[in-house]
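Okay, thanks for making time, everyone. I'll put the model up and then talk you through a few spots in it.

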Amino acid sequence: LNKNQIKFVNIKISFVKNVILKPRKIICILKSKNKILLGSLDLTLSLILRKNCHFNEARKINIGILTENDNLIIFQDFTDLVWTLNFWKTCMRLPSLLLPVQFVLKTLKRIVVKNSVVNSLCYGSNLAINGISAIEENIQKAEYVLILTQRKEIIAIGEITFNSKIMLKCSKGNIVILRNIIMNKNFYPKKWKWGSRTSLQKLSNSLKTHFF
C-alpha cells in the first residue's frame, strides 16, 4: 500500500443503515463527519474485502439541516424559475424555491459584537474579547458560531477557542477565529486605531519627534 491508499483506508464512518443486498450489489446510506472522496470508495472496499469493487452511483441526501425530502428542489424547477424571470420579469415562486442564508445558519449559536469591530472583521481579523457585546450560553470549545451585529445582521462564521464559562473570566485575547466572511467590506465605517491606547501612542510619538 502507498500513502494515498492508506489515507483512504482510514475513513471513519459513523453508521451504515438501510442496507439492501442484491446479487453482487450493495445499496446503503453512509454518514461521516470527516470529508471523504466517494470516488475512491471502491478502492477502499476492495482493499478491505480483498475483492474487486466498483463504485456506481452516489447522492447526497443530507447536508447540515438540509434534507432531500424537505428543503431541496430539482434542477428543472430552478431552470423554469430562470426562464420566468427572463421572459415574464416576475419572481412569484422565488421565495418558495430559494432559501435565504439565515435558514441554513439558524442552528448555530450566536455572538453579538460591537459596531466598532464590524469592519475589521470584514477585513479578516479575528474577534477579541473586547469586541463582544453579548454571547449565548453553553458554547463549547471548537464549535462553530455565528457572529452578528447589534442589528442582527450576519457578519461571519467562526470557530470559538474557549468555552463560554472560561470566556467570561478572560480579559484579553482572541476568542473566535473566522472561517467564512459573509458581510461585504466597508459596510460599516472604519473604527480600528481610534481607541485610547493607540491615540496615546500617537501622541507620545508626535511629542518625541517634536522635542527630540
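I'll go through the sheet, the salt bridge, a few loop residues and then the aromatic rings.

Quick housekeeping: this is a predicted model, where local features need pLDDT of at least 70 and side-chain atom pairs count only at pLDDT 80 or more, while totals for chains, interfaces and linings use all residues. Residues are numbered from 1 along each chain as its sequence is written, and side-chain values use heavy atoms, with hydrogens and water left out.

Let's start with the sheet. When I say helix or strand, I mean DSSP runs numbered from the N terminus, H or I of at least four residues for helices and E of at least two for strands. Six strands make an open sheet in the order 6-10-9-8-5-7, and the pairing is mixed. Strand 6 (127-128) and strand 7 (132-135) sit at the edges with a single partner strand each, so each has one side without a neighbour in the sheet. Pairing here means that DSSP finds at least two bridges between two strands. As a reminder, strands of a sheet pair through backbone hydrogen bonds, parallel or antiparallel. Strand 5, residues 109-113, pairs with strand 7 in the antiparallel sense, over three bridges. One contact to click on there: V113 has I132 in strand 7 as its bridge partner.

Now, how many salt bridges does a search of the whole structure find? Just one, counting a side-chain nitrogen of Lys or Arg within 4 Å of a carboxyl oxygen of Asp or Glu. That's E159 with R179, at 2.7 Å from N to O. The pair links distant parts of the chain, with E159 in strand 9 (residues 154-160) and R179 in strand 10 (residues 174-181), 20 residues apart. R179 has a relative accessible area of 48%, so we call it partly exposed; the cut-offs are under 20% for buried, over 50% for exposed and partly exposed in between, with a 1.4 Å probe and protein chains only.

On to the loops. S171 is in the loop between helix 7 (164-169) and strand 10, and it's exposed at 59%. Leaving out residues up to four places away in sequence, S171 touches I129 and N130, where contact means heavy atoms within 4.5 Å. The C-alpha atoms of S171 and A128 are 9.5 Å apart, and those two are 43 residues apart along the chain.

Most residues other than glycine have a negative phi. A142, though, has a positive phi, near 65°. A142 lies in the loop between strand 7 and strand 8 (144-148) and is partly exposed at 45%. N186 has a positive phi too, about 60°; look for N186 in the loop between strand 10 and helix 8 (196-211), exposed at 52%.

Last stop, the rings. There are four aromatic pairs, meaning Phe, Tyr or Trp (its six-membered ring) with centres within 6.5 Å; planes under 30 degrees apart are stacked, over 60 edge-to-face and the rest tilted. F75 and F78 have ring centres 6.1 Å apart and planes at 40°, so that pair is tilted. They're three residues apart in helix 3 (residues 75-87), about one helical turn. F75 is exposed at 62%, and F78 is partly exposed at 33%. F187 and Y188 are tilted as well, with centres 5.8 Å apart and planes at 55°. Is Y188 buried or exposed? Buried, at 9%, whereas F187 is exposed at 55%. And finally, ring pairs join W83, F87 and W88 into a cluster.
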